[in-house]
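User: I am new to this structure. Can you show me how to read its cysteines and its helix packing?

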Amino acid sequence: SAVRICAVTSFGSLLVTDWVVLLSHGSFIGSASSLDWTHVDSILSMCTPNGERSGNVRAAGCKAVGDICTVCVGSLLSEEGLEKAVPFSDDFVVAISTKVCSEMEKALNDKTVSVRSMALFAIGNTSLALKDRCAFLSMHRMLPLVYACMKDKDDKVVGNAIRTIGHVSYFVYTPEFLSNEGGSVSDDLKLYGSLLSNLTGKVHDVLCDATGETSRELTW
């Protein structure tokens, strides 16, 4: 498993120009259907028990996915040798975000703590990278799944859930979302209100515990 961890981690360290070569064999990223998804699909398959038996490898896979999305979704092509700064196409962004959300939804239910934590990391990084693109507004549908992780028994998972909630919530109140989603907005805003209330309560509990005013079992 140590070799597989190193292998999948190395993909998370690649630069945007490396992914241009891997996905399109050196040309600019165009239609998603014309790309070579072999490497991306292979990494995603290592994020769930169906494709990888080792929890440590699955966690490394999820971490790599988050790093890849930061590079491929949030970066511009501006390296020497390329004509000028050209963003990855919206078609590509929607395709890779759909793939990531599908696999990370499964990883959020993994029995291994580090996998759940890194799945949240991947979702958060994807959301953060998408903020300037607004090409994948359906990202807001991950909010209930991330919110449910607030009840996880592991502190690190809860901490990553809080971080990820901040990034995914952007897609609930962004003007582009409000103008495109219509009737589904109210349910998401209710969830967002409940989320803020929950976070406020947790912050209050931590402050009370830190000042010694009360002692209660905390989940983070």
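Analyst: We take the cysteines, then one pair of helices. Keep in mind that this is a predicted model.

User: How many disulfides are there?

Analyst: Start with the idea. A disulfide is a covalent bond between the sulfur atoms of two cysteines. Here the count is zero disulfides.

User: Why does C62 have no bond to C47?

Analyst: The cut-off is 2.5 Å between the sulfur atoms. The closest cysteine sulfur to that of C62 belongs to C47, and it lies 3.9 Å away, so the gap is too far for a bond. C72 is in no disulfide either. Its nearest cysteine sulfur, in C69, is 7.4 Å away.

User: Is C62 buried or exposed? And C72, buried or exposed?

Analyst: C62 has 0% relative accessibility, so C62 counts as buried. C72 is buried as well, with a relative accessible area of 1%.

User: Now the helices. At what angle do α4 and α5 pack?

Analyst: Two packed helices are described by the angle between their axes and the distance between the axes. Helix α4 covers residues 55-74, and helix α5 covers residues 90-107. Their angle is about 160°, and their axes are 11 Å apart. Therefore α4 is roughly antiparallel to α5. The crossing of the two is left-handed.

User: Which residues make the contact?

Analyst: From α4 come C62, V65, I68, C69, C72 and V73. From α5 come F92, V93, I96, V100, M104 and A107. So C62 and C72, both without a disulfide, take part in this contact.

User: How many of the contact residues are nonpolar, polar or charged?

Analyst: Twelve are nonpolar; no polar and no charged residues take part.

Technical notes:
Residues numbered from 1 in each chain as written. Predicted model: local features only at pLDDT ≥ 70, side-chain atom pairs only at ≥ 80, totals over all residues. Heavy atoms only, no water. Buried < 20%, exposed > 50% of the residue type's maximum accessible area, 1.4 Å probe, protein only. Axes fitted to C-alpha atoms, helices over the stretch in contact; angles between N-to-C directions. Helix = DSSP H or I, 4+ residues; strand = E, 2+ residues; numbered from the N terminus. Parallel < 35°, antiparallel > 145°, perpendicular 65-115°, else oblique. Left-handed = near helix turned anticlockwise from the far one by under 90°. Contact = heavy atoms within 4.5 Å. Nonpolar A, V, L, I, M, F, W, Y, C, P; charged D, E, K, R; others polar.
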